[in-house]
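This report describes selected charged side-chain pairs and one further residue environment. The sequence and the structure are shown first.

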Amino acid sequence: MTNNDVLRSVRYMLDLSDSKVVEIFALAGSDVPLEDVQAWLKKDDDAAYRPCPDVLMGYFLNGLIFHRRGKSEDAPAPSIERRMNNNIFLKKLRIAFALKTTDIPEVLLKANFKVSQAEIGAIFRNPDHKNYRECGDQILRNFLKGLTLVQRPTPVKKA
């Protein structure tokens, strides 16, 4: 998935305004203009669309961690990755939403996507490990969908 796809999904999931997205970038120490955020949130076929760079997406995800969990003066800030991939997206989102590895299959099940705990464990392994597995777009897309259903449950209609 692209950085822009993840940014749009998280923005919708948490019902964030464009200015709030700018604030989240600032929490991680990145001053991003509102115009850039608006260009990143455009659809791919829009003339004003621009791709979000990997480094800035790293700042956004770290800012999201600080936004959701608070900034600890004792713990060092998470590193900013220079190259983003689906595994990093999943790891950073798991941290931001205080999920355990065992919670991931439950979130995926909310999106009607079944994955074993062993598959999830392989995604979170070190890339040098023999059982490491790359996270595919389908898993990340369904994780974002399931997490949205957890964060924004549909209201029950009264009879």
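In this predicted model, Arg 8 has a relative accessible area of 18% and is therefore buried, since the cut-off for that class is under 20%. Its salt-bridge partner is Asp 5, and the closest N and O atoms of the two side chains are 2.7 Å apart. At 22% relative accessibility, Asp 5 counts as partly exposed. Both residues belong to helix α1 (residues 3-14), where a spacing of three residues places them about one helical turn apart. The pair is also part of a wider arrangement: Asp 5, Arg 8 and Asp 44 are linked in a network of salt bridges.

**Salt bridges**

The model contains eight salt bridges in total. Three of them, including the one just described, are set out below, each with its N to O distance.

| Basic residue | Acidic residue | Closest N to O distance |
|---|---|---|
| Arg 8 | Asp 5 | 2.7 Å |
| Lys 20 | Glu 23 | 3.2 Å |
| Arg 50 | Asp 36 | 2.4 Å |

The pair formed by Lys 20 and Glu 23 lies within helix α2 (residues 18-27), with the two residues three positions apart, about one turn of the helix. Lys 20 is partly exposed at 27% relative accessibility, and Glu 23 is likewise partly exposed, with a relative accessible area of 43%.

Where do Asp 36 and Arg 50 lie along the chain? The side chains of Asp 36 and Arg 50 meet in a salt bridge with an N to O distance of 2.4 Å. This pair links distant parts of the chain, for Asp 36 is in helix α3 (residues 34-40), while Arg 50 is in the loop between α3 and α4, 14 residues apart. Asp 36 has a relative accessibility of 21% and counts as partly exposed; Arg 50, at 37%, also counts as partly exposed.

**The environment of Asn 62**

Is Asn 62 buried or exposed? With a relative accessible area of 1%, Asn 62 is buried, because the class covers values under 20%. Asn 62 is found in helix α4, which spans residues 54-69. When residues up to four places away in sequence are not counted, Asn 62 touches Ala 28, Pro 78, Ser 79, Ile 80 and Lys 92.

Conventions. Residues numbered from 1 in each chain as written. Predicted model: local features only at pLDDT ≥ 70, side-chain atom pairs only at ≥ 80, totals over all residues. Heavy atoms only, no water. Helix = DSSP H or I, 4+ residues; strand = E, 2+ residues; numbered from the N terminus. Buried < 20%, exposed > 50% of the residue type's maximum accessible area, 1.4 Å probe, protein only. Contact = heavy atoms within 4.5 Å. Salt bridge = Lys/Arg side-chain N within 4 Å of Asp/Glu carboxyl O.
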